[in-house]
Amino acid sequence: MTVLEFPPGFLWGAATSAYQIEGAVAAGGRGPSIWDTFCRVPGAVIGGGTGDIACDHYRRYADDVALMADLGLPGYRFSIAWPRVQPGGSGPANSAGLAFYDRLVDALLERGITPMLTLYHWDLPQQLQDDGGWTVRSTAERFAAYTEIVARRLADRVRLWTTVNEPWCSAFLGYASGMHAPGIRDHRQSLQAVHHLLLAHGLAVQVLRSALPASAQVSITLNPHQADPASADPVDLAAAYRVDGIANRIFLDPLFHGRYPDDVLATTAHLTDWSFVRDGDLEVISAPIDALGVNYYTPVSVSGRATGPEAADPTEEKHGGVSAFPGCDGLRMIKQPGRRTDMDWLIDPSGLTRLLVRLSRDLPGVPLFVTENGAAYHAPPGANGGRIRDEARIEYLRGHIRAVHDAIRLGADVRGYFVWSLLDNFEWAWGYSQRFGLVYVDYETGERIPKQSAAWLRGLIEANGLPAA
Ligand code: FCB
């Protein structure tokens with residue numbers, strides 16, 4: 001049997017984030033985050049869910065790490081909750097909060113699991129939001145101080161560091177469409193947030209370079225949109241390029257070329273004069289990094305025509321009617337036919353191949369990690385302790401892992417792949433209505449039940465590849 005093998009040392013793993021799994025929001029001196037606040041806004045989260053308990057991982061972390069070892073996971077991507085480390089977002093470290101991550105990292109290392117640490121996965125301390133959140137520069141400066149605290153504590157044990165997860169979501173879902181915390185709907189503020197999130201990244205890179213050994217790797221994770229034109233019509237090509245600008249190049253160009261793209265500056269000129277970008281910021285933002293994290297779930301199909309095929313459910317806009325794509329008025333996301341996950345996201349593994357190949361081509365010398373990929377499907381536990389049969393998830397993962405292999409064959413330098421997610425968890429505005437886990441979580445009892453996909457993944461990891469057919 002031919003096996004599609006991955007390069008030696010390819011890092012397999014599963015991912016989570018702090019607010020989505022930890023619970024224990026008042027334990028160990030943790031302060032409130034913008035998500036604690038947002039979850040209490042009526043109608044903001046489906047079913048009124050909150051992260052108050054989530055998967056109770058803060059208390060169950062040791063069992064969860066043992067479970068990861070049982071599942072044969074070589075890597076684990078997690079995030080640190082800033083409000084555990086600095087409850088108000090500034091000042092001295094809260095030792096109980098920091099100690100939790102210290103124990104978590106030790107537990108992972110004891111089991112031979114490589115930790116990949118993300119410093120910011122959306123849970124901004126509420127106090128900083130009260131001071132202006134990502135619309136103000138001081139938040140970026142405070143992020144650097146927070147980074148310093150975490151780095152000094154964990155530099156000796158953690159090799160893979162990510163500054164910020166998906167700044168697109170923080171800026172545009174948080175401050176433009178308002179679907180995410182802090183729930184603001186203001187295009188000008190969303191562009192300020194873009195810049196200050198990037199500045200936070202750049203300032204954190206400076207801190208990490210001085211605190212970490214040279215062998216450590218520093219990265220940022222983006223969710224680049226694979227924006228395909230709905231047709232070969234030049235109007236649709238231009239529309240897709242415009243979405244590529246506001247979703248991708250607005251991050252990639254400053255990070256890797258030290259400038260904002262001219263076309264994005266032009267299409268957003270009516271919203272802001274960008275005067276919040278100060279001399280020297282772009283040099284800070286574009287300091288070299290060691291890898292780029294890529295999160296991919298589904299492509300988008302873009303049309304420049306006001307009428308035509310059915311528009312996709314613009315989930316980013318579902319709470320308020322303000323677009324998550326500033327400067328893109330008149331463009332529409334088209335619903336393409338095909339199979340979908342429970343999130344109503346189209347399944348198209350080829351989008352991942354195209355994305356990885358494009359990024360590798362555009363960013364020579366920058367290794368890529370797929371830091372998130374996965375699918376939401378509800379598959380309940382079988383009767384009488386029967387296995388949880390989630391063939392649809394296995395099929396999704398198989399297709400996308402094959403797509404990563406295709407990208408590598410086509411020359412992309414991809415070093416690792418992390419399934420979203422280890423556990424069913426709090427899926428932001430969707431609350432607990434979506435289950436992405438390799439492991440089922442009973443939210444009443446906290447019980448964890450590995451799904452069939454977890455066993456399947458274990459076999460794939462052991463083989464470092466998958467059957468060609
Ligand atoms: C990504 C987020 C992650 C999870 C998945 C489904 O955008 O980074 O926390 O919610 O989507």
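**Exercise 1. Locate proline 167 and decide whether it is buried or exposed.**

*Solution.* The place of proline 167 is in helix 8, and this, like everything that follows, is read from a predicted model. The next step is to look at the relative accessible area, which is 1% for proline 167. Because buried means under 20% relative accessible area, proline 167 counts as buried. The last step is to list what proline 167 touches when residues up to four places away in sequence are not counted, and these are Leu197, Ile220, Thr221, Leu222 and Phe251. Proline 167 and histidine 195 are 28 residues apart along the chain, and their C-alpha atoms are separated by 9.6 Å.

**Exercise 2. Find how far leucine 282 is from histidine 195, in sequence and in space.**

*Solution.* Leucine 282 is found in helix 12. Along the sequence, leucine 282 and histidine 195 are 87 residues apart, whereas in space the distance from C-alpha to C-alpha is 9.4 Å. Leucine 282 has a relative accessible area of 19% and is therefore buried, since the cut-off for buried is under 20%. With neighbours within four places in sequence left aside, the contacts of leucine 282 are Pro254, Gly258, Arg259, Tyr260 and Val277.

**Exercise 3. Describe the surroundings of the ligand and name polar side chains that approach its oxygen atoms.**

*Solution.* Begin with the shell: the ligand is surrounded by Gln20, His121, Trp122, Asn165, Glu166, Tyr297, Glu372, Trp420, Glu427, Trp428 and Phe436. Sorted by class, this shell has five nonpolar, three polar and three charged residues. Then turn to the distances from oxygen atoms of the ligand: an N or O atom in the side chain of glutamate 166 is at 2.6 Å, one in the side chain of histidine 121 is at 2.8 Å, and a polar side-chain atom of asparagine 165 is at 3.1 Å. Finally, the ligand taken alone exposes 290 Å², of which the protein buries 94%.

**Exercise 4. Two tryptophans of the ligand shell, Trp122 and Trp428, deserve a look at their backbone; state the sign of phi for each.**

*Solution.* As background, most residues other than glycine have a negative phi, and most peptide bonds are trans. Tryptophan 122, in the loop between strand 4 and helix 6 (126–130), has a positive phi of about 85°. Tryptophan 428, in the loop between strand 12 and strand 13, has a positive phi of about 45°. Both side chains belong to buried residues, with a relative accessible area of 6% for tryptophan 122 and 3% for tryptophan 428. A further step concerns tryptophan 420, also in the ligand shell, which is joined to serine 421 by a cis peptide bond with omega about 15°. Serine 421 is found in the loop between strand 12 and strand 13 (439–441).

**Exercise 5. Examine the loop between helix 8 and helix 9 by way of histidine 180 and proline 182.**

*Solution.* Histidine 180 has its place in the loop between helix 8 (167–175) and helix 9 (187–211), and at 5% relative accessibility it counts as buried. Leaving aside neighbours within four places in sequence, histidine 180 is in contact with Trp35, Phe38, Trp122, Cys169, Leu173, Gly174, Trp428 and Ala429, a list that includes the two tryptophans of the previous exercise. Proline 182 lies in that loop between helix 8 and helix 9, and the peptide bond that leads from alanine 181 to proline 182 is cis, with omega near 10°.

**Exercise 6. Check the span of helix 15 against its expected span, and then describe its buried residues and its end.**

*Solution.* Helix 15 (residues 452–463) has 12 residues, which at 1.5 Å a residue should span 16 Å; its end C-alpha atoms are 17 Å apart, and this agrees. Its buried residues are Gln452, Ser453, Ala454, Trp456, Leu457, Leu460 and Ile461. Among the elements that cover these buried residues are strand 2 (11–15), helix 14 (391–409) and strand 12 (414–420). An α-helix has 3.6 residues a turn, so residues three or four places apart point the same way. After helix 15 comes asparagine 464, whose phi is positive, near 50°.

Key: Residues numbered from 1 in each chain as written. Predicted model: local features only at pLDDT ≥ 70, side-chain atom pairs only at ≥ 80, totals over all residues. Heavy atoms only, no water. Near = heavy atom within 4 Å. Polar contact = N/O pair within 3.5 Å; in protein donor to acceptor, adjacent residues only side chain to side chain. Areas by Shrake-Rupley, 256 points an atom, 1.4 Å probe, with all protein chains shown as cover. Nonpolar A, V, L, I, M, F, W, Y, C, P; charged D, E, K, R; others polar. Helix = DSSP H or I, 4+ residues; strand = E, 2+ residues; numbered from the N terminus. Buried < 20%, exposed > 50% of the residue type's maximum accessible area, 1.4 Å probe, protein only. Contact = heavy atoms within 4.5 Å. Expected span 1.5 Å × (residues − 1).
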